[in-house]
Every structure is written in C-alpha cells, then in structure tokens.
Amino acid sequence: MTHALTFTDPGRTFPVLAFVVVFVACSMLMSIGVGAGEDTTAGFYLGERRLAPGWNGLAMFGTFTSAAAFLGYPGKIALLGYEGVPYLLAPMVGWVVLLVLVAEPFCNSGQFTVGGLLASRLASRPVHRAAGIATLMVSMPYLIAQLVGAGVLAAPLLGLPDAIAQRIVVVCLGGLMIMYAVFGGMRGATLVQCIKGILLLAGGAYLAFQVFQAFHWNPNALLNTAVNRSPLGRDLLIPGADMGHGMTSKVDFISLQMGFLFGVAGLPHLLMRLGTVSTPLKARMSVKWATILVCACHLLSGIIGFGAAAVVGAKAIEAANPSGNSATLMLARAGGSFALTATTCVAFITILAVVAGITLTAATALAHDIYGVAIMRGNASDQSELRFARMAIFLIGTISTVLALYVQSKQISDLVGLAFAIAASAILPAILYGLYWRGFTTRGATWSIYGGLISAVLLLLLSPAVSGAPTALFPHAHFTVFPLRNPGIVSIPVGFLLGWLVSVLDSQERQDSDAYAKHELRALAISHSHRD
Amino acid sequence: MNRPGVDQLNSGDDPQSARYLADAPQALPSMDVVVAVRRLRVARRWMFFIVIAVMAAYLLIAVVAVGARDLMGFRVFGSINIGIILALGQFGAMVWLVGRYARYAKTSLDPVRKQLEDDFKWRCERSGRVDCDARTHIY
C-alpha cells in the first residue's frame, strides 16, 4: 500500500521506504498465517489461552510501550531535561499495582474484560455496559495519540515533512491496523507485539550504545555536553526547568504523574493480555518479565533523550518539531542511514503493535461487553459475536483514523495522559474494589466507573488544555474553569470515593456474601498447579 | 452441588471456621486449612501495604522534586546531581522489588496455595463430582 509513494525523492528515501514496506509485508503475512482459522471468540480474543508466560510478558511489554516512550519522552527529555524523566518513571512504577494486586486474581477469574471480571460477582448487564464504555473511552484517545505520533515518521519515510505526507502515513497505518486486528486476532497481535518488543529493545540498546561510545562511556561527559548545548544550561538537569514558579503548574505535574502511576493497572489492553495465559502463576510471570522489560526500555529511552540533547542539540530538535517528537530519529540519523532506517522500522512497528492491541481490546469491549452481554443479554451466538467483533474493529479503526487526521495539526501530547487518567479514575477503583472488597455493590461499581470517567473527561474539557491557552485544542474559545491540564489528582479520588460511598449507602442491594465468599476463596487459593 | 464447609470457612471469623472443623472432622486435610487461609489473608494485607508504600514513596519524591529544586540539583559527582541519582535509584529499586516479590510469591505463597487447592480438589472429588478442575472445583 505504501509502494505507490516511492516516486518522492527516491535518492534518499527509497531504502528506508523499501525496507519498511518489505518489513511490514513480512510481519503481515506471518500474522495472518498464525491467526488464520480463528473462528471462535476464545481463539480470536485470547488465542486459546495457550501462550507461554515469557512470550506473553514480551507481548505485554510490546502492547504497553507506545510511540510516546520511544519518540515522545526522549524528545521531552532532550528539550526539557530532567522534567521529562518522570514521564518514564511514573508509568514504570505503576506496574507494581498490576504485578502485586491485579495480575493473578484477574487471570484466575477466567475473564478477559473488566466488565466480565466485575460481572462474576455483580449484576452482569449494568457493569458490562459501564466497563465497556470506560474501555472505549480509554482506548480511543490512546489510539488517536498513536496514529498522530505515526505522522512523525512521515518525514524520514517519505522525505517530506509535509501535512499531506503525514496524512498518507496515518491513513496507511490505520488501514494496516484494521487488517492486522481483523485477520490476525489475538494471535496475530501477539506475534507483532513480540517482534516489536525484541526490535524495540535492540534498537534502543543500539542507540544508547552509540551515545555512550561517542562519549567514551563517561556519563559525566554526556551530561556536560547536553548542558552546554541546551538553552536551559544547568537547569537541564534540575526538575521543573520549564514550569516556572507557580503552584498550579507544580500540582499539575504531580497530577499527571498520578494518572500514569495508577493508570497502568487499569489499562484494558494490558488486562486483556492477562487472559491469554492459562494460570495465574503464568500471569504473574508474564507481568514480572513485562515490568523488567519496561524498566530496561525506559532506561534506554532516558539515555536516548539525554543523548539526543548532547549529540543533536535542543535547537535543531525544536526546529524540526516543537514538541521534540523527532529527537530519537534525529539521533539515529546522526549514526548513519542504516541506523535511521532501522530506527524508523522500529518506530513503525512499535506504533503498529500498540494500535493492533488497542483496536482488538476496544472491539472486544464493543462486541463482548456492550453487544454480547448488555444488548443481547448473552444470547448472541459465538458466530454473531465474532462477526460483530470484526465489524467493531473496522468501525473503531476507521473512526480513530479520521479523528487522528482531524487533530493532526493540534497539540495532542495530553491524549496519552488523558487515557491513563481515565484508566486510573474509572477502571482501577472498580477492579480493586471488585477483587478485594466484600461490600462492593453493583451500584457502587457503576457510580465509580461513570463518576471517574465523567469527572476526568469533564475536568479536561474545562481545563486550559482544551480552551483559553495558545496551545489548546480550541485556542480562541474560553470556557476554562479548572486550572490543571491533568485531571488525575481530582478524578482518581472521585472514582475511589464514589465506589466506596455508593456501596456503603446502597441499602437496596443485599450484599451477596455467598458470591463474595466463593470469589474470595478463588482469589486466595489461586489455582497454580493443575493446569501446567 | 453441596459444598460442605467452604462457605463457613471463608467467612473470616475463626469461631466459624472452628465450627466447620468440628462439624466435619473427617474432612480434615493434611494441612490445617484455617491456618492456610489465615496466612494467605495476612500475606494479602502485606501486599497492599507494599503497593501503598511504593506509591507513597514515588509521590513523595515527586513532590520533593518540584518543591525543592536546589536540593535535587545538588551536584554530587561532576554533572550528576541528587535528582539523577534518585531517578537511577528508582530504576534499580523497581527491578529489585519485582524480583523480590516474584521470589517471595514463589517460595512463601505458592506452596500454601497449592496445599489449599489440593484440599479443595480432594473435597470436591469426595463429594462425588467428576469435573474437579482447578478453575471450577471451588464451586
């Protein structure tokens, strides 16, 4: 599909483009090959639960590490220095919640969606509907942010940093994403995520190696050069170089980190991957490996960020892209055309793997939670749900591609933060209460999910990220009420508080102690041994 | 589908568990089920404590970072300041914590869970059911 674009500046860009096309075609064929014949929902959503934990860990890492971690955050570090570091630290530390509290009982529930987990002890239809909507609300901004991030690749891929070239890349990627998810299902997504995980680590390690070699393995020399070449000077290595002295921006930054910190364990596309292994022991091992890989990858991203500041320089990076998204690619270009080609491929498959996983998760929420349970009351046949799931992938893929084209030129750096904030305020409270709290009721669950969701979205709409500020989505409108750009610091407590308060006040629903007793016993005596 | 004792056992109160044991002495497994359940409950409380402690420590460092810039910018070795050391320390602490938790769960929790599960399976089979699979036999 991209081969038609090879006329443009063939001298320099042809090798990159040809490489990417061959690469994508190969992984596509493989993914269709492994996914062929998926004609049951269990096969399509979960790959029959046959995956080994090491591979699942790699695939979880592949689903999680987005374009932001490879392109966006190194760019932030290159431009803002230490202020970009928490973007790498907070999502990494957030994995603790998933590892210690969520992974094993979630896998043990035998479910693969948030709605399914809650419905194992609460009223099925309302919680499926609420959780399905929340999953879609997390997935869409995440998906759009990834597709917009793909536009950054347009420059090295096509040789023209042009709005049209960016659109072409976004549309191609959207089409690829739909095809991967429709034909490959979970097994196809797993394959592309594993390949991506290996390539991303290898590519990141190669770039970090080049950086260190350029500075003779002396981190001090690296940091000194970065400081000398940055307009910030010494402030590059001090937190808050860019945020001024106001209280608002400081609270805002903490709020952003809270969203990342609590959002990881609520991301539906990670939770769905917990369903692809057969036992909780394997789920724990998956998350363990995924966490270690995330640590390694984020460390490499940090090195790449400071390396780009030292080798390329903040001025050149900012000139190419004001948000710094091209820093990694510019660093790679400094290492020669092979490095640039390889890095472009890695970045492309990074985005493709993430969007394939998220599209599949969003389609599952739509087909299984909302259509299968909430609308058809569980009466939909396997075949019709599967057909609906494939249609849902097409629908979600098309809508997100169109929206990504629409916001292409806008400032979208808050979208990933918004997805994490919604996951943290709408999904995580319901999961933790659902797994661990005896007194949780159906009404508490729906209030917690809708309350967290609405407060996060509403606060964002009323924030300077949407109106009033020059960088806002609508710079000329003024309906800013909430001073922070990140809603997490308010909406996460709202989600937890509503879930608790409504459950406690819920006098109508008799708490089913028998259902909870079974549930708790299952969670305690997690099955480890009999299925290996 | 009678599940003798399981519901009482799970109620959380030791008197009830004791009553269950008195009611069905012949169902006593090799390991004391009540002790096993209690140990797993204590372990779970610890897991919550650890997660909350990690989150609190992270947020504390984050607040200090935006509040006390001079402290974070204090240079220890060349350009390497306290902020960078803390960030690297968080990477190291994270890897350590993950490995430590995995080992703890493997050596301390899994054997207890396995014994508990074997007991449920045994109890299930004794009640005459044939589908005593790991995922279903608790029901």
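**A surface patch, unpaired cysteines and salt bridges**

On the surface, L497(A), W500(A), L501(A), V504(A) and L505(A) make up a nonpolar patch whose accessible area together is about 500 Å²; such patches consist of residues with over 30% relative accessible area and no salt bridge, nonpolar side chains (Val, Leu, Ile, Met, Phe, Trp, Tyr) being joined within 5 Å and like charges within 9 Å. Areas come from the Shrake-Rupley method with a 1.4 Å probe, and for residues only the protein chains shown count as cover. This is a predicted model, in which local features need pLDDT of at least 70 and side-chain atom pairs count only at pLDDT 80 or more, while totals for chains, interfaces and linings use all residues. Residues are numbered from 1 along each chain as its sequence is written, chains are lettered from A and ligands numbered from 1 in the order in which they are written, and side-chain values use heavy atoms, with hydrogens and water left out.

Within the patch, L505(A) belongs to helix α21 (residues 488-505) of chain A, helices (H or I, at least four residues) and strands (E, at least two) being DSSP runs numbered from the N terminus. L505(A) is exposed, at 61% relative accessible area, where exposed means over 50%, buried under 20% and partly exposed in between (1.4 Å probe, protein chains only).

Over all chains, the structure has zero disulfides, a disulfide being a pair of cysteine sulfur atoms within 2.5 Å. For C107(A), which is buried at 0% relative accessibility, the closest cysteine sulfur is that of C194(A), 17 Å away and too far for a bond. C194(A) is also buried, with a relative accessible area of 7%, and its closest cysteine sulfur, in C297(A), is 15 Å away, again too far for a bond.

Salt bridges, in which a side-chain nitrogen of Lys or Arg is within 4 Å of a carboxyl oxygen of Asp or Glu, number six over all chains. One of them pairs D235(A) with R69(B) at 3.8 Å, N to O; because D235(A) lies in the loop between α11 (219-229) and α12 (247-263) of chain A and R69(B) in helix α4 (residues 69-72) of chain B, this pair joins two chains.

Another salt bridge links R284(A) and D110(B) at 2.7 Å, N to O, and it too joins two chains, since R284(A) is in helix α14 (residues 280-311) of chain A and D110(B) in helix α5 (residues 82-126) of chain B. Both R284(A) and D110(B) are buried.
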